[in-house]
Amino acid sequence: QVQLVESGGGFVQAGGSLRLSCAASGRTFSSYGMGWFRRAPGKERDIVAAISWNGGATYYADSVKGRFTISRDNAKNTVYLQMNSLKHEDTAVYYCAAAQRTVLTGVEYWGQGTQVTVSS
């Protein structure tokens with residue numbers, strides 16, 4: 001069982017930055033693929049970024065490439081999403097996700113979500 005708790009969301013002006021954190025419980029965190037998804041108002045939940053168990057491989061949605069960076073610290077059981085050059089269209093609830101292989105093919109655990117609001 002893995003429990004995920006996000007933090008770091010908030011309100012920011014366009015062009016600004018935020019860093020989201022996801023703290024995971026469980027001794028097997030380091031063996032899980034992790035990722036961030038988001039759900040904008042009126043839209044489906046979509047993948048934002050993913051990272052392999054050892055951080056050696058990453059994936060980004062086209063809409064965030066070059067602006068967002070996903071990373072993880074297995075010693076702290078934490079995954080991060082650094083978001084720079086934020087745009088109004090990045091406004092969404094951001095969810096942390098975990099899967100034993102990769103979140104790109106299926107998510108086993110979800111966090112509760114954290115709201116990110118970017119003013120235009």
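Buried residues, meaning those under 20% relative accessible area, with exposed set at over 50% and partly exposed in between (1.4 Å probe, protein chains only), make up 45% of the 120 residues in the protein chain. This is a predicted model, in which local features need pLDDT of at least 70 and side-chain atom pairs count only at pLDDT 80 or more, whereas totals for chains, interfaces and linings use all residues. Residues are numbered from 1 along each chain as its sequence is written, and side-chain values use heavy atoms, with hydrogens and water left out.

**Overall form**

The protein chain holds zero helices and 11 strands, where helices (H or I, at least four residues) and strands (E, at least two) are DSSP runs numbered from the N terminus. Because the radius of gyration of the protein chain is 13 Å, close to the 14 Å that the globule rule gives for 120 residues, the chain is as compact as a globular protein of that length; the radius is taken over C-alpha atoms, and the rule is 2.2 Å times the number of residues to the power 0.38. Along its principal axes, the C-alpha trace spans about 40 × 25 × 25 Å. The protein chain exposes about 6,300 Å², of which carbon and sulfur atoms supply 46%, with accessible areas taken from the Shrake-Rupley method with a 1.4 Å probe and, for residues, only the protein chains shown counting as cover. Contact means heavy atoms within 4.5 Å, and among contacts between residues at least 6 apart in sequence, 56% join residues at least 24 apart.

**Selected residues**

The table gives the place and relative accessibility of several residues.

| Residue | Place | Relative accessibility | Class |
|---|---|---|---|
| Leu81 | strand β8 | 0% | buried |
| Phe68 | strand β7 (residues 68–73) | 3% | buried |
| Ser21 | strand β3 (residues 18–24) | 15% | buried |
| Ser7 | strand β1 | 38% | partly exposed |
| Ser85 | loop between β8 and β9 (92–99) | 40% | partly exposed |
| Gln1 | segment before β1 (4–7) | 74% | exposed |

The contacts listed for these residues leave aside neighbours up to four places away in sequence. Leu81 touches Leu18, Arg19, Leu20, Trp36, Val48, Ala49, Phe68, Thr69, Ile70 and Tyr94, and the C-alpha atoms of Leu81 and Leu18 are 8.3 Å apart in space although the two residues are 63 residues apart in sequence. Phe68, in turn, touches Leu81 together with Arg38, Val48, Tyr60, Gln82, Met83, Asn84, Leu86, Asp90 and Tyr94. A separation of 23 Å lies between the C-alpha atoms of Phe68 and Gln100, which are 32 residues apart along the chain.

Ser21 is in contact with Val5, Glu6, Ser7, Trp36, Thr78, Val79 and Tyr80, while Ser7 is in contact with Arg19, Leu20 and Ser21. From Ser7 to Phe29 the distance is 18 Å, C-alpha to C-alpha, with their positions 22 residues apart in sequence. Gln1 touches Ser25, Gly26 and Tyr109, and its C-alpha atom is 22 Å from that of Ser71, a residue 70 residues apart from Gln1 in sequence.

Backbone angles single out two loop residues. Asn77, found in the loop between β7 and β8 (78–83), has a positive phi of about 55 degrees although it is not a glycine. Ser85 likewise is a residue other than glycine with a positive phi, near 50 degrees.

**The largest pocket**

About 200 Å³ of space lies in the largest pocket. On a 1 Å grid over the protein atoms alone, a cavity is a set of points where a 1.4 Å probe fits but cannot get out, whereas a pocket is an open set with protein on both sides within 12 Å along at least five of seven lines, and lining residues have an atom within 4 Å of a point. Grid points are joined across faces, edges and corners, and the volume is the space filled by probe spheres set on the points.

The lining consists of Arg38, Ala40, Pro41, Lys43, Glu44, Asp46, Ile47, Val48, Ala61, Ser63, Glu89 and Thr91. Strand β5 (residues 45–51) supplies three residues, the largest share of this lining. By class, the lining divides into five nonpolar, two polar and five charged residues, where Ala, Val, Leu, Ile, Met, Phe, Trp, Tyr, Cys and Pro count as nonpolar, Asp, Glu, Lys and Arg as charged, and the others, Gly among them, as polar. Two lining residues, Arg38 and Val48, are also among the contacts of Phe68.
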